[in-house]
Amino acid sequence: MKIKFLLPLFFVPFLLKAQLKSLPTDNRLATELDKIVQKETSDYMKDPSRAGLSVGIFKDGKSYFYNYGTAEIGKSTLPTSKSVYEIASITKTFTGTLLAHALLDGKIKLDDDIRKYIDGNYPNLEFEKHPIKIADLASNSSGLPQFLPDQSETFKKPMDSIAIALSDFYKNYSRKKFYEDLHQVKIDFIPGTKFKYSNVGTQIAGDILEKVYHKSYADLLAEYITKPLLMNKTIIGTDSAKLLTGYNEKGKAMPRNITTLFAPAGGIQSTTEDMVKYIQYHMDKNNKYVQRSHSSGEKNKGDESGLFWKTHTSDDGNQAIWHTGGTFGFSSVLMIYPSKNMGVILLSNESDAESQGKLYGIADRIIINSSKK
């Protein structure tokens with residue numbers, strides 16, 4: 001698969017190679033898995049632009065945690081499995097899991113026209129009399145834009161200022177304004193026929209969930225996922241002191257993503273400790289909600305899409321479900337191979353144009369190489 005886009009807590013001087021001695025980590029290099037994780041993460045962390053990296057692995061019924069770098073630039077503080085990161089668009093898989101509940105609870109149908117759940121008249125949310133369906137939202141094929149309103153001019157600004165500009169704009173952006181701006185959207189292909197990544201579509205899916213359950217997204221998240229799984233540190237974004245500082249590639253601290261309006265699309269904060277519990281949950285072959293979330297019935301470039309999950313079936317028949325996440329200060333990857341009884345979560349408090357793609361490669365290689373052992 002390809003994707004586009006201090007001091008150590010434990011001293012292991014006799015095991016570390018010379019070039020790795022300066023890399024702060026709690027990896028004890030005692031097992032084959034330890035060595036695989038070290039090998040796959042070391043080059044990434046040697047880049048001077050990196051800050052911290054937390055790795056969580058669930059393999060054959062056991063949990064493993066590794067941490068690298070620093071929780072705060074300029075300080076010798078290693079992150080831990082309890083360090084809180086923005087998981088960004090990995091949030092969408094939580095929204096997909098909640099959609100699976102709504103489907104099996106009979107609250108919605110995948111072929112429902114989304115306008116059934118939106119107040120007001122939106123004749124623009126169709127193309128050639130083909131309406132946007134809930135399935136199109138879940139497979140990122142609705143034709144809706146990535147942002148509302150159009151932020152193309154903002155993204156022409158110097159990179160260092162884009163995050164600040166967007167953060168300042170959305171501080172005062174309301175749900176009412178969101179749906180006013182939705183009237184201006186123009187769909188230019190039949191929904192369901194092309195892939196077009198859309199935060200807007202996920203936000204609407206979250207709003208539909210709130211409408212059919214008569215509960216807030218935060219309450220649904222707690223009721224169906226975080227409380228049952230004891231994911232006690234997984235919350236909708238707040239300006240909490242527990243959240244690590246996120247940095248860009250220049251080491252500049254980035255504004256936090258705390259706008260709850262877009263929570264279903266990318267507003268969750270979590271830890272590797274909690275996310276490993278989420279991995280374990282999504283490997284439960286007997287859980288009907290889990291299994292429903294892994295398949296939307298839609299196809300994108302030959303691969304079947306899950307409900308906001310990205311999925312791929314390799315030539316040997318093994319299915320991977322995965323998602324990446326990125327804000328201006330955080331990068332993340334969640335990858336699960338149910339058939340290999342293994343999943344990996346990577347959370348970093350640094351973000352640049354290449355970080356998500358590189359983290360994806362790390363996660364994939366950890367799973368593939370450890371499966372050979």
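In this predicted model, three strands make an open sheet in the order β3-β8-β6, with antiparallel pairing. A second open sheet has six strands, ordered β2-β1-β14-β13-β12-β11 and again paired antiparallel. On the nonpolar side, the largest core has 73 residues, and apart from it lies another core of 25 residues. Here's the tour, topic by topic.

**The three-stranded sheet**

- The edges belong to β3 and β6 (235-236); each has a single partner strand, so one side of each is left without a neighbour in the sheet.
- Strand β8 (residues 268-270) runs antiparallel to β6, and two bridges join them.
- Within that pairing, Ile236 sits opposite Ile268 in β8.

**The six-stranded sheet**

- Here the edge strands are β2 and β11 (310-313), and since each has a single partner strand, one side of each goes without a neighbour in the sheet.
- Ignoring direction, neighbouring strands of this sheet are turned by 15 degrees against each other on average.
- Strands β1 (residues 52-59) and β2 (residues 62-69) run antiparallel and are joined by eight bridges.
- Lys59 faces Lys62 in β2 as its opposite number.
- Two residues sit between the strands of the β1 and β2 hairpin, and Asp60 takes a positive phi near 50 degrees there.
- Further along the sheet, β12 (residues 319-326) and β13 (residues 331-337) pair over six bridges, also in the antiparallel sense.
- Gly325 is the residue opposite Ser332 in β13.
- Helix α1 (residues 32-46) lies across β1, β2 and β14 (342-348), and runs at about 30 degrees to β2.

**The nonpolar cores**

- As a rule, nonpolar side chains in soluble globular proteins tend to be buried together.
- Inside the largest core, the residues with the most contacts are Phe94, Leu144, Leu182, Ile204 and Tyr278.
- Helix α6 (residues 199-213) gives the most to this core, chipping in seven residues.
- If you want one residue to click on, try Ile204: leaving aside its neighbours within four places in sequence, Ile204 is in contact with Ile114, Ile118, Leu137, Leu144, Phe178, Tyr179 and Leu182.
- The other core, which lies apart from this one, has 25 residues, including Val37, Val55, Trp322 and Ile367.

**Aromatic pairs and a ring cluster**

- Searching the whole structure turns up 13 aromatic pairs.
- One of them is Tyr85 with Phe330: the ring centres are 6.3 Å apart and the planes are at 85 degrees, so this pair is edge-to-face.
- Tyr85 lies in strand β3 (residues 85-86) while Phe330 is in the loop between β12 and β13, so the pair ties together parts that are 245 residues apart in sequence.
- Tyr85 counts as buried because its relative accessibility is 0%, and Phe330 counts as buried too, at 3%.
- Phe169 and Tyr170 also pair edge-to-face, at 4.9 Å centre to centre and with 90 degrees between the planes.
- Phe169 is partly exposed, with a relative accessible area of 35%, whereas Tyr170 counts as buried at 9% relative accessibility.
- Those two belong to a cluster linked by ring pairs, made up of Phe169, Tyr170, Tyr173, Phe178, Tyr179 and Phe262.
- Phe178 and Tyr179 from that cluster also turn up among the contacts of Ile204.

**Charges over rings**

- Arg50 lies over the face of Tyr44, at 3.8 Å from the ring centre.
- Lys340 does likewise with Tyr337, lying over the ring face at 5.7 Å from the centre.

**Around Ser89**

- Ser89 is in the loop between β3 and α2 (91-104).
- With a relative accessible area of 12%, Ser89 is buried.
- Setting aside neighbours within four places in sequence, Ser89 is in contact with Tyr197, Asn199, Ala265, Gly266, His323, Thr324, Gly325 and Gly326.
- One of those contacts, Gly325, is the residue that stands opposite Ser332 in the β12 and β13 pairing.
- Ser89 and Thr202 are 113 residues apart along the chain, and their C-alpha atoms are separated by 9.7 Å.

Methods. Residues numbered from 1 in each chain as written. Predicted model: local features only at pLDDT ≥ 70, side-chain atom pairs only at ≥ 80, totals over all residues. Heavy atoms only, no water. Pairing = 2+ DSSP bridges. Helix = DSSP H or I, 4+ residues; strand = E, 2+ residues; numbered from the N terminus. Core = buried A, V, L, I, M, F, W, Y, C linked by side-chain atoms within 4.5 Å. Buried < 20%, exposed > 50% of the residue type's maximum accessible area, 1.4 Å probe, protein only. Contact = heavy atoms within 4.5 Å. Axes fitted to C-alpha atoms, helices over the stretch in contact; angles between N-to-C directions. Phe/Tyr/Trp six-rings, centres within 6.5 Å; stacked < 30°, edge-to-face > 60°. Lys NZ or Arg CZ within 6 Å of the ring centre and 35° of its normal.
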